[in-house]
Amino acid sequence: MLWITVTALVQLATADLPVHCLRHQLLGRWHFFLGPAQKERSSCGHARPDVAERQPPLSLLQNTTLREVELLDPDVAHSEQQRGRWTTIYDEAFEVKVDGLSFLAFSRFELQPTADGLRNVSRCGETQLGWYRNEPGTAWGCFYGKKVEPVEAV
């Protein structure tokens with residue numbers, strides 16, 4: 001029984017995405033590039049379950065609309081139109097709610113080959129392809145974010 005529990009915990013730990021971005025690295029002005037909204041939620045190119053080695057390319061988005069959002073301490077999201085809220089999801093992702101929209105994206109990472117295997121590099125000033133929706137949940141789309149002020153890779 002103990003072996004099954006340990007095996008399950010190891011599988012859960014290895015399923016974690018290889019990114020590590022702290023809250024202070026996310027603060028600042030961001031550009032969100034939104035793809036067209038649709039009536040149904042899309043996977044935005046992500047595998048189910050998500051696979052670290054096969055993240056969807058940002059080029060998946062076409063005809064993007066630009067939104068600028070500033071993330072402030074402790075949890076304020078500020079746009080040209082209104083103030084909203086934001087939060088981190090562990091050290092992997094963040095959610096922003098502003099202008100009647102909710103944005104969710106994982107911070108960007110790369111897996112670089114080394115002599116010992118793959119090494120992860122977190123790019124905390126950028127996101128992977130993520131999801132957005134309107135408040136009623138009747139419009140869904142894909143987006144990615146890029147911080148206006150660059151952040152060093154870690």
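Biologist: Hi! Quick one to start: is Cys-44 buried or exposed?

Modeller: Buried. This is a predicted model, and in it Cys-44 has a relative accessibility of 1%, so it falls under the 20% cut-off.

Biologist: Where is Cys-44 in the fold?

Modeller: Cys-44 sits in the loop between S1 and S2.

Biologist: And what does the backbone do at Cys-44?

Modeller: Phi of Cys-44 is near 55°, a positive value, and the residue is not a glycine.

Biologist: Which other residue has a positive phi although it is not a glycine?

Modeller: Tyr-90 is one, with phi of about 50°. Tyr-90 belongs to the loop between strand S4 (83–89) and strand S5 (93–98).

Biologist: Is Tyr-90 buried or exposed?

Modeller: Exposed. Its relative accessibility is 65%, and the cut-off for exposed is over 50%, so Tyr-90 qualifies.

Biologist: How do S4 and S5 pair up?

Modeller: They are antiparallel, with 5 bridges. One bridge pairs Thr-87 with Glu-95 in S5. The two strands form a hairpin with 3 residues between them, and Tyr-90 takes its positive phi in that hairpin.

Biologist: What about S3 and S4, how many bridges there?

Modeller: S3 and S4 are joined by 3 bridges and run antiparallel. Ala-77 stands opposite Gly-84 in S4, and a hairpin through 3 residues links S3 to S4.

Biologist: Back to that loop between S1 and S2. Where is Gln-55?

Modeller: Gln-55 is in that loop too, which runs between strand S1 (28–34) and strand S2 (65–72).

Biologist: Why does Gln-55 count as buried?

Modeller: Because its relative accessibility is 18%, and buried means under 20%.

Biologist: What does the side chain of Gln-55 make polar contacts with?

Modeller: The side chain of Asp-50 is one partner, at 3.2 Å. In addition, a polar atom of the Gln-55 side chain lies 2.9 Å from the backbone oxygen of Val-51.

Biologist: And which residues does Gln-55 touch, leaving out those up to four places away in sequence?

Modeller: Leu-17, His-46, Asp-50, Phe-109 and Gln-128.

Biologist: Changing topic: where are there cis peptide bonds?

Modeller: One joins Arg-48 and Pro-49, with omega about -5°. Another runs from Asp-73 to Pro-74, where omega is near -5°. Pro-49 is in the loop between S1 and S2, while Pro-74 lies in the loop between S2 and strand S3 (76–79).

Biologist: Let's zoom out. How many helices and strands are there?

Modeller: There are 2 helices and 9 strands. Along the sequence they follow the pattern α-α-β-β-β-β-β-β-β-β-β.

Biologist: What share of contacts joins residues at least 24 apart?

Modeller: It is 61%, taken among contacts between residues at least 6 apart in sequence.

Biologist: Which residues touch the most other members of the largest nonpolar core?

Modeller: Phe-32, Leu-71, Phe-94, Val-96 and Phe-103, in a core of 31 residues. S1, S2, S5, strand S6 (101–114), strand S8 (130–134) and strand S9 (140–147) each supply at least two residues of this core. S6 gives the most, with 5 residues.

Biologist: What does Phe-32 touch?

Modeller: Not counting residues up to four places away in sequence, its contacts include Leu-66, Val-69, Phe-94, Val-96, Phe-103 and Phe-143. In soluble globular proteins, nonpolar side chains tend to be buried together.

Biologist: What percentage of the residues is buried overall?

Modeller: Buried residues make up 37% of the 154 residues. The protein exposes about 9,400 Å², and carbon and sulfur atoms supply 54% of that area.

Biologist: Last thing: what is the mean pLDDT?

Modeller: The mean is 86, with 88% of residues at 70 or more. Among the elements, S5 has the highest mean pLDDT (98), and helix H1 (residues 2–14) has the lowest (39).

Biologist: How many contacts does the stretch 1–14 have beyond near neighbours in sequence?

Modeller: It has 0 in the model, and the pLDDT over residues 1–14 is below 50. Where pLDDT is low, the predicted coordinates should not be read in detail.

Technical notes: Residues numbered from 1 in each chain as written. Predicted model: local features only at pLDDT ≥ 70, side-chain atom pairs only at ≥ 80, totals over all residues. Heavy atoms only, no water. Helix = DSSP H or I, 4+ residues; strand = E, 2+ residues; numbered from the N terminus. Buried < 20%, exposed > 50% of the residue type's maximum accessible area, 1.4 Å probe, protein only. Polar contact = N/O pair within 3.5 Å; in protein donor to acceptor, adjacent residues only side chain to side chain. Contact = heavy atoms within 4.5 Å. Pairing = 2+ DSSP bridges. pLDDT = per-residue confidence, 0-100. Areas by Shrake-Rupley, 256 points an atom, 1.4 Å probe, with all protein chains shown as cover. Core = buried A, V, L, I, M, F, W, Y, C linked by side-chain atoms within 4.5 Å.
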